[in-house]
Structure formats: structure tokens, C-alpha cells
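Q: Please pick one pocket of this model and go over it closely, then follow the thread out into the rest of the fold. Keep it relaxed, but give me the cut-offs.

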Amino acid sequence: FCGSGEKIDVDSNDKYLTVEIPKGIALSVHTTSAAVKAETLEQQSVLVAVLSGRTELGEVTAQSVDLSSSSGSIAAESIMTDTLRCGSSSGTVWIERAAVETVSIKTSSGSVKLDEVSAEEITVGSSSGSVKLGLTAIGEAAIYTSSGSITLRLPEEGASLTYSAGSGKLHTALAYERRGDLYVFGGGTGSITVESGSGSLTVKD
């Protein structure tokens, strides 16, 4: 056990450091090349910044969650938070379930995969990595890619989708009403904007 704000130096010969964190406190973890793994976190806030190691999280509940990596992957089973931010240069971002107010994810060449997400606002930006987004409920979403492909799974109530691309195409087997660049699926409740340089867009239910 150690006091709040305490710093721990780990010998390079030690392979693992296991820390038990009390619930409800702000958690901040910074590593250079080590992996970070946690099964269950119930914190005030969670910040994990990794240079080259991977980040693996189980169930996370916090007011804010900030995950970043230069070359390591970021994965989480479940995240419940007001604000979720993820950033990666070349590692992948994969979140199985998320219930949030706002989501912001940015990658350079790493792919982004959100299996089941419910959010008021989502922003995803990727240079060359693919984006796969499964929506269970959405207010507004904006997806920007240069050359990566995009796959969207819409919520049951559908969505209004604005799609513009340089050379990419939209692929879907779902019924929709088109008005220029606007595609209305189902009730068209949520609003989604997709802008891509050359990546194609696939829409599913």
C-alpha cells in the first residue's frame, strides 16, 4: 500500500507489477514499453498512456476514460463513462461494449472496432486504418477516413446518413431513401456523417 500521489520505480529485471486500486479514486498510468492490464475498474477517472505496450481492460466504469498509445493496441470489454477518448498512432482500438455520452477516437494507421456502442456523440478519425462501428443507439456521429474502409451497423430505429467520398462507394442491402448525399434508413432518428477519401462504406442492420 502507498499514499496518494506516490511514485513507484520498478527494476528492469522485474517482469510484472501488480497493483490493487481502491474504487472511486482517479487512476493515472504511464508506461514506456510495458503492457497494462486490468480486469475491473470503478474509478472517478481513468487515464492510461502507453508508448509501445498494449492496453487490455475488462469492465471500466468512470466519469471519464482517456486511453492512448503510440504503437500498442487498445482493447476493452466494456466501458461506461461520460467521456471516452482513445488515441493510437499504429495500434488497433477495439471496444466490445460502450455506454457513453461522448466518444472521440483518433488513429493514424491502426484500425478501429466498436462492437456495441450507445452514445450521444461519436467522432472517429482514421488516416489509413479501417473503421467498424456497431451502433445500438446514437444521437450524432461523425467518421472521417483517408483511405480506410468503413462498416456501420445501424440501430433498430435506423439513422440519417450523409456520405461523401472521393472514390469510395456505399454498399448496403438495406432499404433507404436517398436525397442527394443524404441516405435515410428506417426512421432516420440518429444523424451520421461519413467523409472518406477513397474508403468504401458498408451499411448493415
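**The second largest pocket and its surroundings**

A: The second largest pocket has a volume of about 150 Å³. A pocket here is an open set of points on a 1 Å grid over the protein atoms alone, where a 1.4 Å probe fits and protein lies on both sides within 12 Å along at least five of seven lines; lining residues have an atom within 4 Å of a point. Points join across faces, edges and corners, and the volume is the space filled by probe spheres set on them.

Before going further, some housekeeping: the model is predicted, so local features need pLDDT of at least 70 and side-chain atom pairs count only at pLDDT 80 or more, while totals for chains, interfaces and linings use all residues. Numbering runs from 1 along each chain as its sequence is written, and side-chain values use heavy atoms, with hydrogens and water left out.

Who lines the pocket? The lining is made up of K37, A38 and E39, then E56, L57 and G58, then A75, A76 and E77, and finally W94 and E96. At least two of these residues come from each of β2 (36-42), β4 (55-61), β6 (74-88) and β7. Strands are DSSP runs of E, at least two residues, and helices are runs of H or I, at least four, numbered from the N terminus. By class, the lining splits into 5 nonpolar, 5 charged and 1 polar; Ala, Val, Leu, Ile, Met, Phe, Trp, Tyr, Cys and Pro count as nonpolar, Asp, Glu, Lys and Arg as charged, and the others, Gly among them, as polar.

Now follow β7 (residues 93-107) away from the pocket. It runs parallel to β8 (residues 112-126), with 12 bridges between the two; strands pair if DSSP finds at least two bridges. One facing couple there is I95 in β7 and L114 in β8. From β8, another 12 bridges lead on to β9 (residues 131-145), again in parallel, and V112 has V131 in β9 as its bridge partner.

Strand pairing also turns up around β16 (residues 201-204). Parallel to it run β10 (residues 150-153), over 4 bridges, and β12 (residues 170-172), over 3 bridges. T202 in β16 sits opposite T151 and also opposite H171. L201 and V203 make up the covered face of β16, with T202 and K204 on the uncovered one.

On to the aromatics: the whole structure holds 2 aromatic pairs. Y176 and Y183 are edge-to-face because their planes stand at 65°, with ring centres 5.3 Å apart. Y176 also pairs with F185, this time tilted, at 5.4 Å centre to centre and 50° between the planes. Rings of Phe, Tyr and Trp (its six-membered ring) pair if their centres lie within 6.5 Å; planes under 30 degrees apart are stacked, over 60 edge-to-face and the rest tilted. Together, Y176, Y183 and F185 form one cluster. Y183 is buried at 7% relative accessibility, as is F185 at 2%, whereas Y176 is partly exposed at 40% (buried is under 20% relative accessible area, exposed over 50%, partly exposed in between, with a 1.4 Å probe and protein chains only).

Zooming out, the chain has 16 strands and 0 helices. Its C-alpha trace spans about 60 × 30 × 20 Å along the principal axes, and 38% of its 205 residues count as buried.
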